[in-house]
Amino acid sequence: FKEAGYEFYLDSPTNQQFVIIPNAKVQQLEKNIQFTHWGPYDDRNMICRFVTSWATTDDDLKTLKDCL
């Protein structure tokens with residue numbers, strides 16, 4: 001997320017990351033990535049929650065990076 005220029009809503013030292021994403025980009029990401037709409041940040045941006053687990057693969061992360 002940092003490499004792609006996205007801002008984090010909060011600093012989370014866990015496998016959950018909360019990222020501020022423009023609403024238009026959220027709609028694009030939903031086509032290929034599973035994540036949660038945490039809530040609106042403002043009129044143009046959404047706070048999104050991304051979670052990794054033991055089942056997350058390198059391919060999953062590559063797909064996310066490519067989509068960003």
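Ala, Val, Leu, Ile, Met, Phe, Trp, Tyr, Cys and Pro count here as nonpolar, Asp, Glu, Lys and Arg as charged, and the others, Gly among them, as polar. With that in hand, welcome to the close-ups, which all show a predicted model.

**View 1. The largest pocket and its lining.** This pocket has a volume of about 620 Å³. Its lining counts 23 residues, and those nearest the centre are Phe50, Thr52, Asp60, Leu61 and Leu64. Two elements, β4 (45-51) and α2 (58-67), each give two or more residues to the lining. Helix α2 gives the most, with 6 residues. Sorted by class, the lining has 9 nonpolar, 9 polar and 5 charged residues.

**View 2. A salt bridge between Glu3 and Lys65.** Here the closest N and O atoms are 3.4 Å apart. The pair links distant parts of the chain, 62 residues apart: Glu3 sits in the segment before β1 (7-8), and Lys65 belongs to helix α2. Glu3 is exposed, with a relative accessible area of 72%, and Lys65 is exposed too, at 55%.

**View 3. A salt bridge within helix α2, between Asp66 and Lys62.** The closest N and O atoms lie 2.8 Å apart. These partners are 4 residues apart in α2, so about one helical turn separates them. Asp66 is exposed at 55% relative accessible area, whereas Lys62 counts as partly exposed at 49%. The model's count comes to 2 salt bridges.

**View 4. Cys48 and Cys67, two cysteines without a disulfide.** The closest cysteine sulfur to that of Cys48 is in Cys67, 13 Å away, which is too far for a bond because a disulfide needs the sulfur atoms within 2.5 Å. Cys48 is buried, with a relative accessible area of 0%.

Conventions. Residues numbered from 1 in each chain as written. Predicted model: local features only at pLDDT ≥ 70, side-chain atom pairs only at ≥ 80, totals over all residues. Heavy atoms only, no water. 1 Å grid on protein atoms, 1.4 Å probe; cavity = no way out; pocket = protein on both sides within 12 Å on 5 of 7 lines; lining within 4 Å. Points joined across faces, edges and corners; volume = space filled by probe spheres on them. Buried < 20%, exposed > 50% of the residue type's maximum accessible area, 1.4 Å probe, protein only. Salt bridge = Lys/Arg side-chain N within 4 Å of Asp/Glu carboxyl O.
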